[in-house]
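User: I'd like to go through this one before setting anything up. Can we start with the terms and then talk charges?

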Amino acid sequence: MIGCEVCGEPTRPWVLDTGNELDRCPRCGHVMRELRRCPAGARADSWGGDTGLDRVRLRLTYRRLRRAAGRPRRVFEAGYGGGGLLARFAADGSEIAGAEPGVLGVPVDPRVVATGRLFPGPVEQVPVELDGTFDLVYAVHVAEHVADPVAFAARCARLLGPGGVLVWLTPTADSHGPHLFGSSWWMLEDPSHVRFFSEASVRLLLRDQGLADITVIRCLGDSLSVEAASLVRRLRGRGDRPGAGVLPGLGVRALSAAVLPVTLAARAVSPRLRPTLQVVARRPGSP
């Protein structure tokens, strides 16, 4: 039994199947993972996506961010990866900045390198003189990886100027995925996925950082390959190819495309099938 990293309540074991156990908070629903207790057939590397699918996600995510924040003058991305999103904001005239620990080891868009104010390392190490200066701060599938979610949330919040908008996208274990697929759930394939927020836990975390107007929705169109990838992991057995991820395989990509209409229809009928939370919050005050 350990304390919830969001609310401090003692957690309870959540057994997915033999040899795979998570910790879930009975108060706020937050879920934490120790890899030794929930290995879940994790692949060797943090990144296990597909470049084609990632391009689709990039377009959809950019639209989400624009809907949430309009045309922000100054934008900061926590965990910018290859810089694809920042490049789009720069093309629209925004001043861009970001922090990236370099975990994925991918090349950064040269336009972002040329025009952005970029910092190697986690967002918590960004200079304090940038506090209070951004209209939009966002983190796309980052909060589930960080060492300290409270420190991460606090730093994101402090970077916002008055009226600034924070947007997170992050996988959630209060979806039906873990119940349907157990430890074969694709979100557990990444060994650096060490927590999963619930709607209640992410609201509590951001409220404690002084943010307001917090809205949480379950994304219909994010992580569209999760169901197909989870099914393949279950059918083939997680231990058949240790260290390998399923998405780069042509068969999984073809299956994801084939079942996409069914995936979208099922998610539309049952929002709890959606594996990703979109969180939008605002720093009080006028710009």
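Analyst: Helices here are DSSP runs of at least four residues, numbered from the N terminus. The model is predicted. With that, helix H1 covers residues 51-69 and gives the positive patch its largest share, 4 residues.

User: Which residues form that positive surface patch?

Analyst: Arg55, Arg59, Arg63, Arg67 and Arg88.

User: Where is arginine 59, and is it buried or exposed?

Analyst: Arginine 59 sits in helix H1. Its relative accessible area is 39%, so arginine 59 counts as partly exposed.

User: Overall fold, then. How many helices and strands in the chain?

Analyst: The chain has 9 helices and 11 strands.

User: What radius of gyration does the chain have, against a compact globule?

Analyst: The chain has 18 Å, and a compact globule of 287 residues would be near 19 Å, so the two agree. The C-alpha trace spans about 50 × 40 × 35 Å along its principal axes. Of the 287 residues, 49% count as buried.

User: Back to charges. How many salt bridges are there?

Analyst: The structure holds 19. One of them pairs aspartate 23 with arginine 37, with the closest N and O atoms 2.6 Å apart. That pair links distant parts of the chain, 14 residues apart: aspartate 23 is in strand E2 (residues 20-24), and arginine 37 is in the loop between strand E3 (31-32) and H1.

User: Are aspartate 23 and arginine 37 buried or exposed?

Analyst: Both are buried.

User: What does glutamate 34 pair with?

Analyst: Glutamate 34 forms a salt bridge with arginine 36, the closest N and O atoms being 3.0 Å apart. Glutamate 34 is partly exposed, at a relative accessible area of 26%. Arginine 36 is exposed, because its value of 69% is over the 50% cut-off.

User: And glutamate 189, what is its partner?

Analyst: Arginine 233, with the closest N and O atoms 3.7 Å apart. Glutamate 189 lies in the loop between helix H5 (177-181) and strand E9 (195-196), while arginine 233 is in helix H7 (residues 226-236), so the pair ties together parts 44 residues apart in sequence.

User: How buried are glutamate 189 and arginine 233?

Analyst: Glutamate 189 has a relative accessible area of 0%, and arginine 233 has 2%. Both values are under 20%, so both residues count as buried.

User: Which residues do shared partners join into one network?

Analyst: Glu21, Asp23, Glu34, Arg36 and Arg37 are joined into one network by salt bridges that share partners.

Notes. Residues are numbered from 1 along each chain as its sequence is written. This is a predicted model: local features need pLDDT of at least 70, side-chain atom pairs count only at pLDDT 80 or more; totals for chains, interfaces and linings use all residues. Side-chain values use heavy atoms; hydrogens and water are left out. Patches are made of residues with over 30% relative accessible area and no salt bridge: like charges are joined within 9 Å, nonpolar side chains (Val, Leu, Ile, Met, Phe, Trp, Tyr) within 5 Å. Accessible areas come from the Shrake-Rupley method with a 1.4 Å probe; for residues, only the protein chains shown count as cover. A salt bridge is a side-chain nitrogen of Lys or Arg within 4 Å of a carboxyl oxygen of Asp or Glu. Lys and Arg count as positive and Asp and Glu as negative; His and the chain ends are not counted. The place of a charge is taken as NZ of Lys, CZ of Arg, CG of Asp or CD of Glu. Helices (H or I, at least four residues) and strands (E, at least two) are DSSP runs, numbered from the N terminus. Buried means under 20% relative accessible area, exposed over 50%, partly exposed in between (1.4 Å probe, protein chains only). The radius of gyration is taken over C-alpha atoms; the globule rule is 2.2 Å times the number of residues to the power 0.38.
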